[in-house]
Amino acid sequence: MLFDDELEKLKKSGLYRTLKNIKRIANSKIIINNRELIDFSSNDYLGFSAHPQVIENCIKCINTYGIGAGAARLMSGNNEIYCILENLLKNLFGKERALIFGSGFLTNSTVIPAITNKNDLIISDKLAHSSIIHGIKSSDAQHHRFKHNDMNSLESILKKYRQNFKNCWIITESIFSMDGDICPLNDLIYLKEKYNCFLYLDESHSFGLFADNGAGLAKQLNCADKIEIIMATFSKAVGSYGGFIVSSHSICEYLINKARGFIFSTALPPVTLIATITSIKLFSEERERIINFNKLVQYTHALLKSKIINTPSASQIIPIIIGDAQKTIQIAESLISNGFYVLAIRPPTVPQNTARIRISINYHHSKSAIENLIEKMIELLY
Ligand SMILES: Cc1ncc(COP(=O)(O)O)c(C=O)c1O
């Protein structure tokens, strides 16, 4: 049958993926095959997907608006809730305007080809998320990649190629989704200004967690005004769904007219927007939650360091690099059978020979759950 050989190859190399039937329950617990596990895989970092206020507002919204938006935003899918949320976002980042898309993947994959053409250059971090890569592949611009978070590598590409192109976009992420490390944002801004480039920053994993108002890394470092496009998703710390950019008025207007994934895709359900608005308000109303979450992340890093377990991470996403894909799966399966739901991340999601166990900390984890997970991991690693 078509693709059977390819599927067989994936199975032999430990890269075969299957879907599990998972029931998420509150407080970072999940149920798989009638077994309750502690979930160390979720991006719902602050637990907002099941926050009582979010649920209450969503129920009210469904009673008023129903479920689906019915059409794309340029048809009849736009509504006052979009306006409220886009204003909230624009003010949070101190930008001229915000524009919401169907998802984070749709945002990156549709904005990048819309803002670039064949006279332009894109330089992206080598570990950029798949949605960014998808956007770059759909663009007519010429593309080079710099070594991960390496400013010398970025500058050598700029020196060599920048002068041959009209516009140059540097694209990177604030927290990297598979390594959990953080980009050197001030250095990136220095280079983008020195070489007269534009910066596109994906804040998907920092939105909600960094800066006093939760806006992310750029706001924390006070440099959001120096970044032409900041992008993020509502599917991580916000706990709902959808993606957005904040930028200038003219870039947003241009995208409304040119971004195919905006024009030709149905608007988000109103209830999803209401969930997002409620969560974003909780960023400041329940600031303690974010502070405690960040303390838990620091606690985990200190514990790993004391046990001499290495990770490239400086955030809530904590990969333990194993290397071999089969061995990584075995370790993940043992952890799962001991009650800890962790993900085995394998190529092509990460580079060859860097398969890893990815631990994701969330607000509802107890210190003892984290300690037990690390103890079990030590047993399996050594
Ligand atoms: C860095 C980054 N950008 C974009 C996305 C896509 O976001 P969404 O899940 O909203 O499609 C993700 C999600 O995994 C991500 O990690």
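Which residues are buried in helix α6 (residues 130-137)? That is where this set of close-ups begins, and every panel shows a predicted model.

**Figure 1. The buried face of helix α6.** In α6, the buried residues are Ser131, Ile132, Gly135 and Ile136. Looking along the axis of α6, these buried residues fall within an arc of 140°, so they line one face of the helix. Their packing partners are α5, β5 (121-125), β6 (142-146), β7 (168-173) and β8 (198-202). Two of these names, α5 and β8, come back in later panels.

**Figure 2. The surroundings of the ligand.** Here we turn to the 13 residues around the ligand, of which Ser103, Gly104, Phe105, Ser177 and Thr233 come nearest. Helix α5 (residues 104-115) gives the largest share of this shell, with three residues. What is the make-up of the shell by class? It has 10 polar residues, two charged residues and one nonpolar residue.

**Figure 3. Strand β10 and its two partners.** Strand β10 (residues 243-247) is mostly covered, as five of its five residues are buried. In a regular strand, side chains alternate between the two faces of the sheet. In β10, both faces are covered: Gly243, Ile245 and Ser247 are buried on one side, and Phe244 and Val246 are buried on the other. Strand β4 (residues 97-101) pairs with β10 in the antiparallel sense over five bridges, and Ile100 stands opposite Phe244. Strand β9 (residues 229-233) also runs antiparallel to β10, joined to it by four bridges. Along that pairing, Met231 has Ile245 as its bridge partner.

**Figure 4. Leu188 and Asn196, in and after helix α8.** Leu188 sits in helix α8 (residues 185-194). Is Leu188 buried or exposed? Leu188 is buried, because 22 other C-beta atoms lie within 10 Å. Leaving aside residues up to four places away in sequence, Leu188 touches Ile170, Thr172, Cys183 and Leu199. Follow the chain into the loop between α8 and β8 and you will find Asn196. Asn196 is exposed, with 11 other C-beta atoms within 10 Å. The phi of Asn196 is near 55°, a positive value in a residue other than glycine.

**Figure 5. Ile308, in the loop between α13 and β11.** The loop between α13 and β11 holds Ile308. Although Ile308 is not a glycine, its phi is positive, at about 55°. Ile308 is exposed, because just 7 other C-beta atoms lie within 10 Å. To place this view relative to Figure 4, note that the C-alpha atoms of Ile308 and Leu188 are separated by 31 Å, with these positions 120 residues apart along the chain.

**Figure 6. Where the two domains touch.** The domain assignment divides the protein into domain 1 (7-39 + 287-381) and domain 2 (52-285). The C-alpha centres of the two domains lie 27 Å apart. How many residues of domain 1 are in contact with domain 2? There are 15, and they meet 12 residues of domain 2. On the domain 1 side, α13 (287-306) and β11 (317-323) each supply at least two residues. The largest share of that side, four residues, comes from α13. By class, the domain 1 side has nine nonpolar, four polar and two charged residues.

**Figure 7. Strand β11 and its pairing with β14.** Five of the seven residues of β11 are buried, so this strand is largely enclosed by the rest of the structure. β11 pairs with strand β14 (residues 355-360) in the antiparallel sense over six bridges. One pair to look for is Ile320 with its bridge partner in β14, Ile357. In the loop between β13 (343-345) and β14 lies Pro348. The peptide bond from Pro347 to Pro348 is cis, with omega near 10°.

**Figure 8. An open sheet of four strands.** The strands of this open sheet come in the order β1-β2-β3-β12, with mixed pairing. At its edges are β1 (22-25) and β12 (340-341), each pairing on one side only. Strand β3 (residues 35-39) runs parallel to β12, and two bridges join them. Asp39 stands opposite Tyr341 of β12.

**Figure 9. Helix α1 and the glycine after it.** Of the nine residues of helix α1 (residues 4-12), zero are buried, so the helix lies largely in the open. Just after α1 comes Gly14, with a positive phi of about 75°.

Definitions and conventions: Residues numbered from 1 in each chain as written. Predicted model: local features only at pLDDT ≥ 70, side-chain atom pairs only at ≥ 80, totals over all residues. Near = placed C-beta within 6 Å. Nonpolar A, V, L, I, M, F, W, Y, C, P; charged D, E, K, R; others polar. Pairing = 2+ DSSP bridges. Domains from an automatic or database assignment. Contact = placed C-beta atoms within 7 Å. Buried ≥ 20, exposed ≤ 12 C-beta atoms within 10 Å, placed from the backbone. Arc of directions from axis to C-beta.
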